[in-house]
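Subject: Structure for you to look at

Hello,

Here is the structure I said I would pass on. Please open it first, then read the notes below with it on screen.

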Amino acid sequence: MDFATPRNPEYDAFRTEVRSWLQANAPTIVGNPDDDENYAKHRRFGEALGAKGWLFPTFPKQYGGGGLNFEQSVVIAEEVQRLGFGLPPFYNSAASLGGPSILVWGTEAQKQKWCVPMFRGEMMGWIALTGPEAGSDLAATETDAIRDGDEYVINGTKIFIGGSHTPDVLWTFTRTDPKGPRHKNAAWFMIPTDLPGVIIRPMEMLADGGEGVGATQKNTIYFENVRVPASYLVGGENNGWQVASTHLELEHGGSGSVSRETWFHRSLELA
């Protein structure tokens, strides 16, 4: 199947619009693109793209996306990449993978709370999956989330997470029933990093993270009696593996914003 952008007056005009806007708004990056000053420029650029609906262009407008078609999203990605930037222009795996998972499994309130600011570039986050006890075996996680009234108390450790600038949120896989059977005892939370008990410590790496701007290091995340509102649980208690099916399909379906969005929409069509 040919996914080349159609050459017709409509798309040529859109490309001209995108290119002109980028020439006026894309930042100039000199030196290390990941130092504090340049990273701040990437963040502001992402917010500007998000305000136009061009950061996650095919996702619904009501949730911070652009509501555009696939061909338009390819034009945006091509023009952004032509200037040496990625889409999104900073590491934001919570938006790229957690955001669409919330679109499938989250409540309307959760979509408004998390998807809108992430898709607009106003909120940056990491996925927190890998644990020292299990590596990439999600079902073996020992990061526990135990219900206590209207909150969950989260304890555990995640390793090789995120990048070089502190995130706003962590899209986190947990075990909600430590005695329950594998694949039927887990859940996902969106956890703000300013909650008491969230500790982020850089790891010493031999090489950079290789995942774009903002990912030149990895971190260990400690959750020490972190109290998270029950409303931050996405998809239901002990239903984490079904939510993971969406997350992992997106992660394995392609790299980059455009390919992940395409995979997401095709998954919805086949559902």
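Start with strands β1 and β4, which pair in the parallel sense over four bridges. β1 covers residues 125-128, and β4 covers residues 169-175. If you want one pair to find on screen, take Ala128 in β1, whose bridge partner in β4 is Thr172.

Which way do the residues of β1 point? Gly125 and Ile127 point one way, and Trp126 and Ala128 point the other way. In a regular strand the side chains alternate between the two faces of the sheet. In β1 the residues on both sides are buried.

Keep in mind that this is a predicted model. The protein chain has an average pLDDT of 89, and 86% of the residues score at least 70. Be careful with residues 266-271, where pLDDT stays under 50. For that stretch the model has three contacts beyond four places in sequence.

Now the chain as a whole. It has 271 residues, of which 51% count as buried. Its secondary structure comes to seven helices and eight strands. Among contacts with a separation of 6 or more, 72% are between residues 24 or more positions apart. The exposed area is about 12400 Å², and carbon and sulfur atoms supply 50% of it.

Next, the interior. The largest nonpolar core has 65 residues, and Trp171, Phe189 and Ile191 touch the most other members. Strand β5, residues 186-192, gives this core its largest share, six residues.

Ile191 is found in β5. Is Ile191 buried or exposed? Its relative accessibility is 0%, which is under the 20% cut-off, so Ile191 counts as buried. Beyond four places in sequence, Ile191 touches Ile154, Asp168, Val169, Leu170, Thr172, Val198, Phe223, Val226 and Val228. One of these, Val228, is 37 residues from Ile191 along the chain, yet their C-alpha atoms are separated by 6.9 Å.

The last residue to look at is Glu79, in helix α3, which runs over residues 70-82. Glu79 has a relative accessible area of 2%, so it too is buried. The side chains of Glu79 and Arg82 are joined by a polar contact of 3.1 Å. Leaving out residues up to four places away in sequence, Glu79 touches Arg15, Val18, Arg19 and Leu22.

Regards

Notes:
Residues numbered from 1 in each chain as written. Predicted model: local features only at pLDDT ≥ 70, side-chain atom pairs only at ≥ 80, totals over all residues. Heavy atoms only, no water. Core = buried A, V, L, I, M, F, W, Y, C linked by side-chain atoms within 4.5 Å. Buried < 20%, exposed > 50% of the residue type's maximum accessible area, 1.4 Å probe, protein only. Helix = DSSP H or I, 4+ residues; strand = E, 2+ residues; numbered from the N terminus. Polar contact = N/O pair within 3.5 Å; in protein donor to acceptor, adjacent residues only side chain to side chain. Contact = heavy atoms within 4.5 Å. pLDDT = per-residue confidence, 0-100. Pairing = 2+ DSSP bridges. Areas by Shrake-Rupley, 256 points an atom, 1.4 Å probe, with all protein chains shown as cover.
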